[in-house]
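Subject: Structure handover

Hello,

Here is the structure I said I would pass on. My notes on it follow below.

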Amino acid sequence: MALRTIRKKGDEILYKKSKEVVNFDKRLSELLDDMYETMKQADGVGLAAPQVGILKRCVVIDIGDGKIELVNPVIIKSEGEQVGQEGCLSVPDVWGDVKRPKKVTVSAFDRNGKKIEQTGEDLLAVALCHEIDHLNGELFDDKIIKQD
Ligand code: ZN
């Protein structure tokens with residue numbers, strides 16, 4: 001495993017749409033391992049591949065309940081609404097309130113290409129939405145309704 005450099009706001013790769021993963025190979029596993037290590041080292045709760053300069057649709061999340069890895073994630077259900085403070089490892093020193101669904105269900109694949117579903121409420125719903133936004137080239141600070 002290796003730490004990767006976290007790209008910061010202004011880096012154009014953060015605004016590009018990531019591509020679907022088609023090969024569930026050793027390189028994908030290495031990427032996911034590196035992403036998790038990089039996220040932990042930076043004290044984050046989520047990281048998307050474009051944040052380390054790779055335009056592949058994969059994210060890692062750990063809000064304190066263990067590691068979640070999602071490849072080609074798609075939100076298939078979303079319920080309710082919440083407004084909470086967000087930050088981002090790619091947008092240092094910016095915090096602000098963003099409106100998100102209260103609960104989402106995501107369909108995705110694991111690192112071996114097995115189909116999985118992940119449901120998240122509250123902070124996990126925020127993390128799922130925030131990381132999937134990264135795969136579409138969207139940064140949270142454009143969605144801030146109230147800056148702190
Ligand atoms: Zn982020």
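I start with Asp11, which sits in the segment before helix 1. The model is a predicted one, and the values below are computed from it. Asp11 has a relative accessibility of 23%, so it counts as partly exposed. Its C-alpha lies 9.2 Å from that of Gly53, and the two residues are 42 apart in sequence.

Ser18 belongs to the segment before helix 1 (26-41) as well. Unlike a residue on the surface, Ser18 counts as buried, because its relative accessibility is 6% and the cut-off is under 20%. Setting aside neighbours within four places in sequence, Ser18 contacts Pro50, Ile54, Leu55, Lys56, Arg57 and Leu135.

Overall fold

The protein contains two helices and eight strands. Read from the N terminus, the order of elements is α-β-β-β-β-β-β-β-α-β. The radius of gyration is 14 Å, close to the 15 Å given by the globule rule for 148 residues, so the protein is as compact as a globular protein of that length. Along the principal axes, the C-alpha atoms fill a box of roughly 40 × 30 × 25 Å.

Of the 148 residues, 49% are buried. If one takes the contacts between residues at least 6 apart in sequence, 65% of them join residues at least 24 apart. The exposed area is about 7,600 Å², with 47% of it supplied by carbon and sulfur atoms. There are 23 positive and 27 negative charges, and the mean positions of the two sets are 4 Å apart.

Zinc site

Which residues supply the protein donors of the zinc ion? They are Cys88 through SG, and His130 and His134 through NE2, at 2.0 to 2.2 Å from the ion. Cys88 is in strand 4 (residues 82-88) and His134 is in helix 2 (residues 123-135), so this pair ties together parts that are 46 residues apart in sequence. The spacing of the donor residues along the chain is C-x41-H-x3-H.

Cys88 is buried, at 12% relative accessible area. His134 is buried too, with a relative accessibility of 2%.

Strand 6

Ser107 is part of strand 6 (residues 103-109). Its relative accessible area is 12%, so Ser107 is buried. Leaving out neighbours within four places in sequence, the contacts of Ser107 are Asn72, Pro73, Val74, Ile76, Lys115, Ile116 and Glu117. The C-alpha atoms of Ser107 and Leu70 are 8.5 Å apart, with their positions 37 residues apart along the chain taken as the separation.

Backbone points to check against the model

Most residues other than glycine have a negative phi. Two residues are listed here for their phi.

- Asp93 is not a glycine, yet its phi is positive, at about 65°. Asp93 is in strand 5 (residues 91-100) and is exposed, at 76% relative accessibility.
- Asp122 is not a glycine either, and its phi is positive, at about 55°. Asp122 is placed in the loop between strand 7 (115-121) and helix 2. With a relative accessible area of 33%, Asp122 is partly exposed.

Regards

Technical notes:
Residues are numbered from 1 along each chain as its sequence is written. This is a predicted model: local features need pLDDT of at least 70, side-chain atom pairs count only at pLDDT 80 or more; totals for chains, interfaces and linings use all residues. Side-chain values use heavy atoms; hydrogens and water are left out. Donors are N, O and S atoms within 2.8 Å of the metal (3.2 Å for Na, K and Ca); water is not among the atoms, so sites may look incomplete. Helices (H or I, at least four residues) and strands (E, at least two) are DSSP runs, numbered from the N terminus. Buried means under 20% relative accessible area, exposed over 50%, partly exposed in between (1.4 Å probe, protein chains only). The radius of gyration is taken over C-alpha atoms; the globule rule is 2.2 Å times the number of residues to the power 0.38. Contact means heavy atoms within 4.5 Å. Accessible areas come from the Shrake-Rupley method with a 1.4 Å probe; for residues, only the protein chains shown count as cover. Lys and Arg count as positive and Asp and Glu as negative; His and the chain ends are not counted. The place of a charge is taken as NZ of Lys, CZ of Arg, CG of Asp or CD of Glu.
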